[in-house]
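Let's take a walk through this protein together, following charged side chains first and then turning to a residue in the interior. Keep the 3D view open as you read.

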Amino acid sequence: MSRVIMPGHLDARGVAQAAGIPEWCTKPEDICIRPTEAIVDASGPVDEYLTQVLRRIKAEFKAFYDDLDHDYPTRYIAKVRLTGGSLTVTDMKPEETVEERVEELEKFDAGDFQYHMLKYKGAFYIAFGQRGGQSLSLVPCGPPSSQAGSPRTGWAALALQPEEHDNDHALVLDYSYVGDIIAQAQACRALLERGEHSALLTAVADPSQRTVVPYNHRNFSEDVPINEAQQTALRALRYNVEAVRGPPGTGKSTTIYHLVKSVLDPSGITIVTCVQNKAVEAVAEKLRQGSIEFFVVGNYERLSPMSRKCTLEQRVKQDPRVKAMERKIRRLKFFLEKVIRPARQANVVSSNARHQRYRQHRANELFGTVSLTDARSAAKHRWLANDPWDRFWRAWMRHRHPQLEVMEQVCNGLIQRLSTECIETIQDVRLGIVSSVRAILCTAASAASRLPKLESDFDVDFASRVNSIVLDEAGTCPEACVTLLLHACPHTDRIIAIGDNKQLPSFSRIRDVKNACHDFAWNGSCRFGDRCRFRHVTQQGFFHRLATVLRGGSGVHQLTVQYRMHASICGMVSRTFYGGTLVTPGSTARDRSSQDRHGLWWIETSAAAKEQKESKSYVNQDECHQVQEALMKLQDEVGRHGFEQLSVKVITFYKKQRKLMADVLRQSGFRVHTSDDARQQRRRRRRRQQRRQQTAPPDEFTDGDDEVDEEEDDAFKGVQVQTVDESQGSESDVVILSCVRCNDHGNVGFVSMRNRMNVACSRARYRLVIVGNSDTLKEHSHQWRMIHRHCRRVHSAQELSHFGRPVVDLQQALADLGLF
């Protein structure tokens, strides 16, 4: 096994510089810097903006470090073994002790731990491991007091290296990936050091300083339908920084398609980016409907099955020329392996079981039963191999079928020639796609890390060709991601942000944001004034700041026609959160009403069913059973087959309630999927890939198409149980919302946050069922009172109306027509 050793020739600063980590991560006093302290001297508005962004990045890292759950890391790593650059570790569940280890071993490459926060002997380190490398370098981080047994000066780097003996092992705790924070800090530092700033960066720092840039306001493509509101928003684009507000279901993906297809410069590349991979899937599905050349860039394991089909490698595999050549090679290999070689090597005598037993018996009589170390062992094996009947049969086969040897040589030559041509064809196809690409879909982190790799692999200058950046789900995009993109694409001249500042903002660990006043964040003012016990801070994120600055006039373009929700749900969401500006087209309204006439339901829970506090979260047992009854009634109405065809989602505001809900539904026989299952699926997929590479031969009968992961397809069936924050950006046919809170004081915590309420109430297409105690929710929240007023109220799941298209009574229909 391997041990963690402390080599004398390594220091933290040297390892950090070699790995590209900024200096602030190697000095504890830099990590502990307060958000209110200055870092560099700002010489202008842009430098001041970048200084604030860098200060916030450091504050986020400090908050992340302070919030580390020392008892429950993301993954336990024990018994680290380094062999040829691969790490074999024992993975343990958080609730297990060190002695209760999982038997199966996983193999990781050293590069898999790049920029991971690891803990060893009570101290925290950032890991650096090159792909295929022989060691992991650990750079300490955190204040000196957190470094167990480490001096305050002369910080030394640890390294995981192979050891010759197996009586020792390293116990390392893997907490999280912090590479995004490091990349953001590097980008912000580079922009600060650049000196002269572009007009786009100036407009990002101060949106009131926007400049006019050219757009192609020509006729829109008919490949994908576009409504009047989307056309109006696209025709109004004029500046290098633009904001388009897209409420739930208003066709943001369609808007992005026509933006790339008809509005932006076709000679350049558009980076369509977002914070999470699930937003990439919706845009990729829309772009596939048209004729835009694009591909998806990102971590293959974290992409959805739909996005994987659009990656560059999968696009190359699906090319007809590549598929045809690979099919020819597979057929030749099959003919060679299954026909020619068996015919040449066939040996009827040696394959006869009786003859083999006789030969072994004679060998034992002549030489006896010898061990491998015995001197007679070699003579015995020579005698067994020198079978005259075998020699006779081989000679007879060569005389009888001399063409087999020639055919094998011809097949090997053809396979070698076709393989060379196939490699050249793959390179040509890949280069053709890269040269003609119009859009690249990726997350902000992938854009910064993987675009330079594409440039080096294909010798194509992507940075100079990227002239536009489109931020999808821009409401969740922090300021640091924008500076990261500007650093990765220095020649871009415009940013179009498409999002919704009425939904959840970008995630933040900073305490000031966690204790923010929701009214002040939503309206810019608070009715309690100085008496408010929450902090008056604005909503975080680039889009929220952009919408605030451009609020006057026509600075923010809005989409108003929604195609997702039932008309009743849309009416409630529109009046509660958007001032009644959303409308539902007639075709959508008729389709949604055909399944559920009302669409919006409220199951009232008893005031006696109080919430229970667990750690920092809350649970409600009674609501779990109400949700269970609602799902069972729905399954009885549509049947098991119909239930599997529906997309059903159960969402709640608290993680503990999500876990409890998933356990209750699994015990009832439902197929349940949570976000915690994603990592387990990636682990199982990694193990299957390792087994295939080690043992399983390639399938000779496949036509080159990418295999469908049945386990991942099943993840989109059954019941998905998520928190409200996890559900943002998704939609389902039926959504059941568990509100959890029920008490005598009307305390609801962040359940009264308007952005979170908006996300929770706008995920459903046909039916939204809210389960909660209205007295508790309505006491201090005007929005919950409005929601409750729009719902059709019942006291149990059995009172919900029938879901699905109504069954026509033929006899009654004929009687109404006077024919019966």
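The structure contains 19 salt bridges, and since this is a predicted model, every value below is computed. Side chains of opposite charge can pair when their charged atoms come close. Three of these pairs make good stops on our tour.

Start with Glu611 and Arg741, whose side chains meet in a salt bridge with an N to O distance of 2.9 Å. This pair links distant parts of the chain, 130 residues apart. Glu611 sits in the loop between β17 (600–604) and β18 (612–614), while Arg741 belongs to the loop between β23 (732–738) and α30 (754–761). Are these two partners buried or exposed? Glu611 has a relative accessible area of 17%, so it counts as buried, the cut-off being under 20%. Arg741, at 4% relative accessibility, is buried as well.

Now move to helix α26 (residues 655–667), where you will find both Lys659 and Asp663. They are four residues apart, about one turn of the helix, and their side chains form a salt bridge at 3.6 Å, N to O. Here Lys659 is exposed because its relative accessible area is 53%, and exposed means over 50%. Its partner Asp663 is partly exposed, at 31% relative accessibility.

The next stop is the salt bridge between Glu731 and Arg765, where the closest N and O atoms are 2.8 Å apart. Glu731 lies in the loop between α29 (724–727) and β23, whereas Arg765 lies in strand β24 (residues 764–772), so the pair ties together parts that are 34 residues apart in sequence. Glu731 is partly exposed, with a relative accessible area of 33%, but Arg765 is buried, at 19%. This pair also has company: through salt bridges that share partners, Arg564, Glu731, Asp733 and Arg765 are joined into one network.

Finally, leave the charged side chains and look at Met572 in helix α23 (residues 567–577). Its relative accessible area is 0%, so Met572 is buried. Which residues is Met572 in contact with, leaving aside its neighbours within four places in sequence? They are Leu600, Cys761, Leu768, Ile787 and His790. Take a moment with His790 in particular: Met572 and His790 are 218 residues apart in sequence, yet their C-alpha atoms are 6.1 Å apart in space.

Conventions. Residues numbered from 1 in each chain as written. Predicted model: local features only at pLDDT ≥ 70, side-chain atom pairs only at ≥ 80, totals over all residues. Heavy atoms only, no water. Salt bridge = Lys/Arg side-chain N within 4 Å of Asp/Glu carboxyl O. Helix = DSSP H or I, 4+ residues; strand = E, 2+ residues; numbered from the N terminus. Buried < 20%, exposed > 50% of the residue type's maximum accessible area, 1.4 Å probe, protein only. Contact = heavy atoms within 4.5 Å.
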